[in-house]
Amino acid sequence: RYAYRLKQVDNDGTFVYFGNAEVEIGLAAKEFKLESNYPNPFNPSTTIQFTLAEDGKASLKVFNMLGQEVATLFDGEAQAGRIQQVKFDAARLPSGLYFAKLEAGKQQVIRKMMLLK
C-alpha cells in the first residue's frame, strides 16, 4: 500500500498540494483465473499467476503428458482479488509439454506449458 500526494508548481514559483491518495499494489478483479505462464516456451523456469473469486484453499500443480504430478507450486489459503505469483523451476525435468492445474473449491482450470531445453 502506497500513499502519495501531488504538488503543482506554477511558473512563478507558487505551489499547491492536492489531497492524499492511497493505492494498493497486487490487487486484481475477484475472479477465478489462471494466467498463461511467461515466458512460454520456457527454459528452465517460468512464472505463473492466478487469482481467486473467493477467499479459500487453492492448489496449483504441474503434470506431465502422462498425467503424473511433477510439482506442487502452491497449496494453501489465498485471498480473493490478490495476484498470486509462483515460479516453476523445471531444470531437472526433460523437454516437453506440461500442464498447470489450478483448483479452488469446485472450480479448476488447466493451462499448457512448453519446456524447451
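This is a guided tour of aromatic rings, and of charged groups over such rings, in a predicted model.

Begin by selecting the side chains of Phe, Tyr and Trp, among which three aromatic pairs are counted when ring centres within 6.5 Å are taken as paired. Next, select Phe15 and Tyr17, whose ring centres lie 5.7 Å apart and whose planes meet at 80°, so this pair is edge-to-face, given that an angle over 60 degrees is what that term requires. With a surface displayed, look at both partners in turn: Phe15 is partly exposed, at a relative accessible area of 46%, and Tyr17 is likewise partly exposed, at 39%.

Keep these two rings on screen and add Arg5 and Lys7. The charged end of Arg5 sits over the ring of Tyr17, at 3.9 Å from the ring centre, while the charged end of Lys7 sits over the ring of Phe15, at 4.5 Å from the centre of that ring.

Now move to Phe50 and Phe74, which form another edge-to-face aromatic pair, with 5.3 Å from centre to centre and 70° between the planes. Colouring by strand helps here: Phe50 belongs to strand E4 (residues 45-51) and Phe74 to strand E6 (residues 69-78), so the pair ties together parts that are 24 residues apart in sequence.

Are Phe50 and Phe74 buried or exposed? Phe50 is buried, with a relative accessible area of 1%, and Phe74 is buried as well, with a value of 16%, which falls under the 20% cut-off for that class.

Technical notes:
Residues are numbered from 1 along each chain as its sequence is written. Side-chain values use heavy atoms; hydrogens and water are left out. Rings of Phe, Tyr and Trp (its six-membered ring) pair if their centres lie within 6.5 Å; planes under 30 degrees apart count as stacked, over 60 as edge-to-face and the rest as tilted. Buried means under 20% relative accessible area, exposed over 50%, partly exposed in between (1.4 Å probe, protein chains only). Helices (H or I, at least four residues) and strands (E, at least two) are DSSP runs, numbered from the N terminus. A charge sits over a ring if NZ of Lys or CZ of Arg is within 6 Å of the ring centre and within 35 degrees of the ring normal.
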